[in-house]
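Here's a quick briefing to read alongside the model. Have the sequence and the 3D view open as you go.

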Amino acid sequence: CLNNYEQAHLFLKEAIDLNPKRPVAYFICGEIFFRQNKYDEAIDNLKKSLKYKSKINNLYILLGNSYLLINYNGDIENYNIALKNDPNNYLCLKNCAYSYEKEGDYLSTLNLLDKLLNINKEDSLVLCYYGEILYNMTQYRKAISYFTKAYTIDPENIHNLNRRAITYYIIKEYDKVLSDLDKIIQLDPLN
């Protein structure tokens with residue numbers, strides 16, 4: 001916790017040498033490598049922790065995050081394992097949704113965003129993200145409704161207005177585009 005990674009690795013190496021089949025030492029080692037942005041090393045240690053029958057649910061989330069950050073396959077699989085054990089893990093649901101979007105699987109993305117909205121229907125970021133996925137699916141009217149909900153909850157966030165203005169532009173509702181752009185300029189005159 002003191003970010004003294006070198007010393008932490010020395011103690012973990014000693015712990016592993018004393019009991020090489022203890023999964024928690026590998027998990028902590030993987031977590032430290034993750035904090036150091038050394039994702040390949042994190043994956044290696046997290047896999048060793050699994051090999052020795054670790055029962056730490058966060059291990060799957062950390063493993064999924066490591067795969068996600070180095071663009072290897074395996075992130076969704078690990079997120080889904082973690083979600084079986086903790087189906088309402090908000091961060092895991094968000095990361096899994098992003099992984100599905102990255103693969104172009106918009107229906108699975110929307111399914112996870114629905115779960116997030118069931119947990120917190122007032123999350124303006126999730127509402128905007130939902131709108132962006134609908135926009136990618138060319139469901140512009142539905143996208144506008146989600147951007148509007150996000151804007152209603154967080155009227156200071158100009159990103160919601162920007163996305164809605166772009167969507168209005170696509171469907172050629174130029175008066176609404178100008179209205180949103182005026183609001184954006186009022187909120188941020190340098191935009």
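What is the mean pLDDT of the chain? It's 92, with 100% of residues at 70 or more; pLDDT is the predictor's confidence in each residue, from 0 to 100. This is a predicted model, where local features need pLDDT of at least 70 and side-chain atom pairs count only at pLDDT 80 or more, while totals for chains, interfaces and linings use all residues. Numbering runs from 1 along each chain as its sequence is written, and side-chain values use heavy atoms, leaving out hydrogens and water.

**Confidence by element**
- Among the chain's elements, α1 has the lowest mean pLDDT, 83, and helix α9 (residues 140-153) the highest, 98.
- Helices here are DSSP runs of H or I, at least four residues, and strands are runs of E, at least two, numbered from the N terminus.

**Repeats**
- An unreviewed UniProt entry annotates "repeat: TPR" over residues 23-56 and 124-157; such annotations may be inferred rather than shown by experiment.
- Residues 23-56 come out at 76% helix and 0% strand, with end C-alpha atoms 9 Å apart.
- For residues 124-157, helix makes up 79% and strand 0%, and the end C-alpha atoms are 9 Å apart.

**Nonpolar core**
- The largest nonpolar core (buried Ala, Val, Leu, Ile, Met, Phe, Trp, Tyr and Cys residues joined through side-chain atoms within 4.5 Å; buried means under 20% relative accessible area, 1.4 Å probe, protein chains only) has 29 residues, and C96, L112, L113 and Y130 touch the most other members.
- Two or more residues each come from α4 (57-69), α5 (75-85), α6 (90-102), α7 (106-119), α8 (124-136) and α9.
- The largest share, 8 residues, belongs to α8.

Definitions and conventions
Buried means under 20% relative accessible area, exposed over 50%, partly exposed in between (1.4 Å probe, protein chains only).
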